[in-house]
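Biologist: Please take a close look at one chain of this model and set out how it is put together. Bring in the other chain afterwards, for context.

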Amino acid sequence: MTFTTLSFLLQAGALLVALAAVHKPLGLYLARVVEGTRAARAERLLYRLTGVDAGTEQTWPVYLRGVLAFSAVSILLVFALQRLQGVIPGTGPLSGVDPWVAMNTAISFVTNTNWQAYAPEATVGIFVQMGLLAVQNFLSAAVGIVVAVALIRGLVRVRTDRLGNFWVDLTRVTYRVLLPLAFVSAVLLVLGGVVQNFWSTDVANQAMGVNQTIPGGPVASQEAIKVLGTNGGGYFNANSAHPFENPNAAVSLFQVFLLLLIPSALPYTFGRLVGDRRQGFTVAAVMGTLWLASTLLTGWAVSSAQGTATAAAGGLGEGFEQRFGPVPAALYAASTTLTSTGAVNAAHDSLPPLAGGMTIINMMLGEVAPGGTGSGLYGLLILSIIAVFIAGLMVGRTPEYLGKKIGPTEMKLAALYILVTPTLVLALAGVTVLLPDAVANAPATGPHQFSEVLYAFTSGANNNGSAFGGITSSGPLLSTLLGLAMLLGRFLPIVLVLALAGSVARQGKIPVSAGTLPTHGPLFGALLLGVTVILTALSYFPALALGPLAEGLIR
Amino acid sequence: MTTIFGYLRQAGTALRFLLAATLVLGFAYPLAVFGAGQLIAPAQANGSILRDSAGRPAASALIAQASAGDGGAQDPRWFHARPSAVAWDPASSSASNLGPNDAKLLDSVQQGRAAVAAEEHVSMDQVPADAVTASASGLDPDISPAYAKLQVARVAAAQGLDPAAVEELVRGNTRGGVTAFLGQPSVNVTALNLAVADAAAAAQPGRTK
């Protein structure tokens, strides 16, 4: 397999052009959806059935309570119904899901992670896939978006304690944005060859004497929201490497486009809502620069074809699909880890060491380039506040962001935010390698074993969901530790973001003066980029040195 | 106390909201995609099934088919698919998930290389990477044009066909064009073996299946 630089650069360029073309109309549409006040008839019916007072806006604790109550109920329901799978009609021979796996999976899908401790083919039937997991693919993506919107409202509004209505926001984003986009994408995926039926087909190749049962299922409908909502949970175990999820290189490129689509449109929404499009462009430019740099590095690392086994094979091949090869694999691997998607079209565990390392670094960046649906934007906005603070320290002025004073309260919340994921990743990965029973679940040897563990917790705490697949996480110990990483990695940041939103919403606006640091333009963009990269490097360099860097640089 | 009541009220709303979402997103949406798929692209929606000359469903164009013994060696009369971590069983799918420096992987690659070289009567360095490495899904229906070319002589001899005719069948099942530029050129082994079977049956009219 050869790495074709021309094809790689053209595809990366095409993605940038396509996203640049659609980010404005989609971002504008998203802004209109969350700004709108009129409810459609179906929405009014839904509000009446669910007891939502759509006319009332909520304070940040009430908004947060909505997020947490909704997520808790979702986790309980997804867990309970997986356990009851055996008695639900239409699931064939499959019985109830193992309690540890069911717990891990419920948390995983509600937190937008889609870590899969199970092999879907042998574990979950059509009902669980379609009625539970795919539903959370929509809703967890929508939760991320509405939290970002609440933060923007906090920055825009003055002297209020109201951030909007969680249920109304959730309804609008789910049914006006995600559902129509998913439907159109799913139909296009079917045209490209993705399966969408409810039965399997027995085939017999009489000449060869081979009988097979070709699986079926509502794959395209799940695939569409899997990538659009930056979820990443595959209908099949091999995820987007499975020919029925991803039949050819054109579909693969389309999937990369879809998983980048909403996160890269949200900066435009942000610029629009704060009434200064330059703010949105700067955020988008930082995301785009990081994406391009990381994609190029990942491509370079894949094309190096490092590794003793790789050299013995005469090139890349292990863990790659022939119809894709290294170019689509590198594009997919970079974008799936720079967003919180975690779908894969090649086995990340078998990537050349530095390419595997790049996928880990991408997640460690906090998934802000462009990140998960909503979580990418609120992550980068928090980093903007950190950047403003650092710039303020340099010149000795009180930092402000979008006319809001960044005081001690705001800084404490922002600082806690950026501490949450590194703490979870390093502490839990550290605990795992110290417990012989836990580390035995990663079968590799040497630095690669540590990479498998580090990847798992980086993926869990950042709500990515991809894996170095050699690790087995279905046992009680790892499914619990990873469940904890996913749960805290999702909801602690959300608590802090909404608290911050509530805090800045109460303030008045400070007028722009000569001493105000502009938070748009190349200077601030470069500062924000630097802060993002340096914070990641400071937090994770020692861990990276023990895993992928050791494997990639020493041999 | 008010917080607890607030949570309970929100939990009630959450449950009702979730049930409504399950009906719309969990059932109506996939059914709508199913309906649209069956209407505009039923062949793809139902798994790209290929039929044999008698019209019976024989394979999926997207899923590998291999006739292999318990040891994993594939039937020498047919074009071989790539090595599979799941023994080409479409009821599952997986990669080997072995690292690029893994000793087990190194072993299996070296053994595979020797086996392929021996079977095709070529030198070890002529064996392409895809012939000795397991795919990401274990169900990869494709091989590289180089690996297909290596197998032509063996298959032609086993099937009593002219090698030039078999080469023609390989060309007919090679994916070029845009998707090959985006990914890489590949030969669909599943479709190729069906074409070989048809050609062999036509060449020996006495042989009935």
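**Chain A and its setting**

Modeller: In chain A, 78% of the contacts with a separation of 6 or more are accounted for by residues 24 or more positions apart. The model is predicted, and every value below is computed from it. Chain A comprises 19 helices and 4 strands. Its radius of gyration is 23 Å, and since a compact globule of 555 residues would have a value near 24 Å, the two agree. Along the principal axes, the C-alpha atoms of chain A fill a box of roughly 80 × 60 × 45 Å. Of its 555 residues, 64% count as buried.

The interior can be followed through the largest nonpolar core, which has 249 residues. In soluble globular proteins, nonpolar side chains tend to be buried together. The members of this core that touch the most other members are A:Val147, A:Leu151 and A:Val497. Helix α6 of chain A, residues 126-156, supplies the largest share of the core, with 21 residues. For A:Leu151, the contacts beyond four places in sequence are with A:Tyr378, A:Leu381, A:Val497, A:Leu500 and A:Ala501. A:Val497 thus appears in that list and also among the three residues that touch the most other core members.

A:Asp53 offers a contrast to the interior. A:Asp53 lies in the loop between α2 (41-50) and α3 (60-83) of chain A. A:Asp53 is exposed because 12 other C-beta atoms lie within 10 Å, and a count of 12 or fewer is classed as exposed. A:Asn165 stands 112 residues from A:Asp53 in sequence, yet their C-alpha atoms are 8.7 Å apart in space.

The contact between the chains takes 100 residues from chain A and 88 residues from chain B. On the chain B side, the elements giving two or more residues include α1 (2-40), α3 (103-120) and α7. The most comes from α1(B), with 24 residues. By class, the chain B side divides into 46 nonpolar, 32 polar and 10 charged residues.

Chain B itself has 7 helices and 5 strands, in the order α-α-β-β-α-β-α-α-β-α-β-α along the sequence. Its radius of gyration is 24 Å, whereas a compact globule of 209 residues would have one near 17 Å. The C-alpha atoms of chain B fill a box of roughly 80 × 45 × 35 Å along the principal axes. Buried residues make up 49% of chain B, and residues 24 or more positions apart account for 55% of its contacts with a separation of 6 or more.

One helix pair in chain B merits a closer description. The axes of α5 (residues 163-172) and α7 (residues 189-203) of chain B come within 9 Å and cross at roughly 145 degrees, and the crossing is right-handed. Helix α5(B) contributes B:Ala165, B:Val166, B:Leu169, B:Val170 and B:Gly172, and α7(B) contributes B:Leu192, B:Ala195, B:Val196 and B:Ala199. Of these residues, 8 are nonpolar, 1 is polar and none is charged. B:Leu192, in helix α7 of chain B, is buried because 24 other C-beta atoms lie within 10 Å, where 20 or more are required. Beyond four places in sequence, B:Leu192 is in contact with B:Phe79, B:Leu169, B:Val170, B:Asn173 and B:Val187. B:Leu192 and B:Asn173 are 19 residues apart in sequence and 5.9 Å apart in space, C-alpha to C-alpha.

Conventions:
Residues numbered from 1 in each chain as written. Chains lettered and ligands numbered in written order. Predicted model: local features only at pLDDT ≥ 70, side-chain atom pairs only at ≥ 80, totals over all residues. Core = buried A, V, L, I, M, F, W, Y, C linked by C-beta atoms within 7 Å. Contact = placed C-beta atoms within 7 Å. Rg over C-alpha atoms; globule rule 2.2 N^0.38 Å. Axes fitted to C-alpha atoms, helices over the stretch in contact; angles between N-to-C directions. Left-handed = near helix turned anticlockwise from the far one by under 90°. Nonpolar A, V, L, I, M, F, W, Y, C, P; charged D, E, K, R; others polar.
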